[in-house]
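Here is a set of short exercises to help you find your way around a new structure. Try each task yourself, then read through the worked solution.

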Amino acid sequence: MGRIVVIGGDGFCGWPTSLHLSSLGHEVTILDNLSRRRIADELGAQSLTPIVSPEERLAAWAEVAPEKGAVGFIRLDVAADYAGLRETLAGIRPDAIIHFGEQRAAPYSMKGEAEKRYTVDNNINATHNLLTALVALGLDAHVVHLGTMGVYGYDGDGLEIPEGYLDVLVPGPGEQLFARSILYPTNPGSVYHLTKSLEQLMFQFYAKNDGLRITDLHQGIVWGTQTEETRLHAPLINRFDYDGDYGTVLNRFLMQAAVGHPLTVHGTGGQTRAFIHIQDTVRCIALAVANPPGRGERVRVRNQMTETHRVRDLARMVAAVTGATIDFVDNPRLEAAENDLRVSNRSFLDLGLNPITLSGGLLDETLEISGRYADRCDMSRIPARSLWRQEVTGGEASGLRMTA
C-alpha cells in the first residue's frame, strides 16, 4: 500500500474515492480549497443530502474505520498556491496523486464571463502546477486524472470511440503512407470540456518530455450517491446535487420525481450519453492506481463508463418506476438534438470491473435518498439557466429563450 494525495477530495467523486482508497489500506491525504462548497453558497443550491464540515467527515471516518488510520486534510488552493503545493508534495512524497481538483460542471462553465474565466484559470493552472511541481521535485508519482467522455464530443456518426488513441495513415510523398498513433480528436462542447481537452496536450508533453507517469480517465456521467464506505455513518454521506448547474441528469430526474416535479428533458431527449455509478467510479480509480503506466510510456487513457442511454429513455425509465410526468423543455445547450454513442471500455473490464447498471437495483437506493431529503429541495434551483450561446440584438447580448 502507498501514500496517495487526493486533490479535490472533498467533492462528489473525490470524497468517496478518498474513503475507498483508505479502506484498501492506502495512506490518504486530501488537498482541497473547498471551492465546491463556496460555489454552492454562491448559487444558493446546496446538496440535497446534508454535508457536514471536513473536520466532522474525517472524525466520522476515524470512528468507523480506526484500523485504517486517519485520512489527512490540508486546505490548499492548488491552482493559486504553487509554493504551498510544492512544499506539501515534498513533505508527503506520494506514490500516487488523484487529481479531481477542477471545476467540474459544464453548465456552470457556460454561465457567464466570470464562470468561464474561473473554470479555465482553475482547471488549467491546477493541472499545470501539479505537473511542474512533480518535475521540479523529481517525484515519480503516478498521476491519475479524472477527465471526461465529453472531450470526444457527440457527433453521432456511429464510430466506436477508442480509449484515447487513434491509429491513422498519413499520406506522404508519392504514394507513401506513414503510420501514426494520435490522440483521438477532441470536440469539446463547453468551456469545461475545453479545459479537459487542453489538459490532454499537457499530459502528453510532460509524459514525453519528463517521463511522468500519467493515467487520464475519460469518465461518463456519474449517477448514484452512496458507496460502501459512505453508507457506514451519517456524516460520511456523499453530495447529491440536483440543481441545473451541477446536478447530473439521472440524479436530477430521481430528485424531481421524489418532489413531484416533472422530469425536465432538454430538447428531444435524443442525446445519448455514457453513464457510470459512483461506486464504480471509486473502483475504477483504485484499479487505475494499481495498474500504472511505466516511466517513459505514453499517457494511459481509459474510458471510465459502463453503459450508454438516451436521455429520454432515462426519463421514461424513471417515470415508469415513480409515476412522474415528463416535460420536454428548450435545450440551453448548443448540441445535436440526436446522437448515437459507442464507447470502448475494454481496459477496465479486463482489469476485473463488474459494472453496476441501472437495472442492478441501486436505482431504488437513489430514489430512497431523494425521498428522504426531499424537504431540503429548493424547487427554484431545478431549471437549467446557463445558456450556451447568447443572441446579440441592438449591440447587447440577450439569452436564448428557455422554459423551466
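**Exercise 1. Where is the place of Gly296?** Say also whether Gly296 is buried or exposed.

*Solution.* Keep in mind that this is a predicted model. Step one is to look for the elements on both sides: Gly296 sits in the loop that runs between H9 and strand E13 (300-304). Step two is the surface. The cut-off for exposed is over 50% relative accessible area. Gly296 reaches 59% relative accessibility, so it counts as exposed. As a last step, pick a distant partner: Tyr118 is 178 residues apart from Gly296 in sequence, and the two are 33 Å apart in space, C-alpha to C-alpha.

**Exercise 2. Describe the overall build of the chain.** Start with its secondary structure, then turn to its dimensions and surface.

*Solution.* Begin by counting elements: the chain has 12 helices and 18 strands. Next, compare the radius of gyration with the globule rule. The value for the chain is 21 Å, close to the 22 Å that the rule gives for 404 residues, so the chain is as compact as a globular protein of that length. Along the principal axes, the C-alpha trace spans about 70 × 55 × 45 Å.

Now go inside. Of the 404 residues in the chain, 56% are buried. Then check the contacts: taking those between residues at least 6 apart in sequence, 80% join residues at least 24 apart. Finally, the outside: the chain exposes about 16600 Å², and 51% of this comes from carbon and sulfur atoms.

**Exercise 3. Compare Ile285 and Glu87.** For each residue, find the helix and decide whether the residue is buried or exposed.

*Solution.* Take Ile285 to begin with. Ile285 belongs to helix H9 (residues 278-290). With a relative accessible area of 1%, Ile285 is buried, since buried means under 20%. What does Ile285 touch, not counting residues up to four places away in sequence? The list is Thr17, Ile98, Phe100, Val144, Leu146, Leu217 and Gln304. Arg180 lies 105 residues apart from Ile285 along the chain, and their C-alpha atoms are separated by 29 Å.

Glu87 is next, and belongs to helix H4 (residues 82-92). Its relative accessible area of 63% makes Glu87 exposed. Between Glu87 and Asn251 there are 39 Å in space, C-alpha to C-alpha, with the two residues 164 apart in sequence.

**Exercise 4. Study two residues with a positive phi.** The residues are Leu34 and Arg93.

*Solution.* Leu34 is not a glycine, yet its phi is positive, at about 60°. Its place is the loop between strand E2 (27-32) and helix H2 (35-43). At 12% relative accessibility, Leu34 counts as buried.

Arg93 is also a residue other than glycine, and its positive phi is near 50°. Follow H4 onward to the loop between H4 and strand E4 (96-99), where Arg93 lies. Its relative accessible area of 39% makes Arg93 partly exposed.

**Exercise 5. Which residues of helix H12 (residues 362-372) are buried, and what covers them?**

*Solution.* The buried residues in H12 are Leu362, Leu363, Glu365, Thr366, Leu367, Ile369 and Ser370. Their cover includes E10, H8, strand E12 (272-277) and helix H10 (311-322).

Two loop residues take this further. Thr248 lies in the loop between strand E10 (221-223) and helix H8 (249-259). With a relative accessible area of 17%, Thr248 is buried. Leaving aside neighbours within four places in sequence, Thr248 is in contact with Ile221, Val222 and Asp241. Pro383 has its place in the loop between H12 and strand E17 (390-393), and is buried, with a relative accessible area of 11%. The C-alpha atoms of Pro383 and Thr264 are separated by 7.9 Å, although these residues are 119 apart along the chain.

**Exercise 6. Describe the second largest pocket.** Give its volume and its lining.

*Solution.* The volume of the second largest pocket is about 170 Å³. It is lined by 15 residues, and those closest to its centre are Tyr152, Asp155, Asp157, Ile161 and Tyr184. Sorting the lining by type gives 7 nonpolar, 4 polar and 4 charged residues.

How values were computed:
Residues are numbered from 1 along each chain as its sequence is written. This is a predicted model: local features need pLDDT of at least 70, side-chain atom pairs count only at pLDDT 80 or more; totals for chains, interfaces and linings use all residues. Side-chain values use heavy atoms; hydrogens and water are left out. On a 1 Å grid over the protein atoms alone, a cavity is a set of points where a 1.4 Å probe fits but cannot get out, and a pocket is an open set with protein on both sides within 12 Å along at least five of seven lines; lining residues have an atom within 4 Å of a point. Grid points are joined across faces, edges and corners, and a volume is the space filled by probe spheres set on the points. Ala, Val, Leu, Ile, Met, Phe, Trp, Tyr, Cys and Pro count as nonpolar, Asp, Glu, Lys and Arg as charged, and the others, Gly among them, as polar. Helices (H or I, at least four residues) and strands (E, at least two) are DSSP runs, numbered from the N terminus. The radius of gyration is taken over C-alpha atoms; the globule rule is 2.2 Å times the number of residues to the power 0.38. Buried means under 20% relative accessible area, exposed over 50%, partly exposed in between (1.4 Å probe, protein chains only). Contact means heavy atoms within 4.5 Å. Accessible areas come from the Shrake-Rupley method with a 1.4 Å probe; for residues, only the protein chains shown count as cover.
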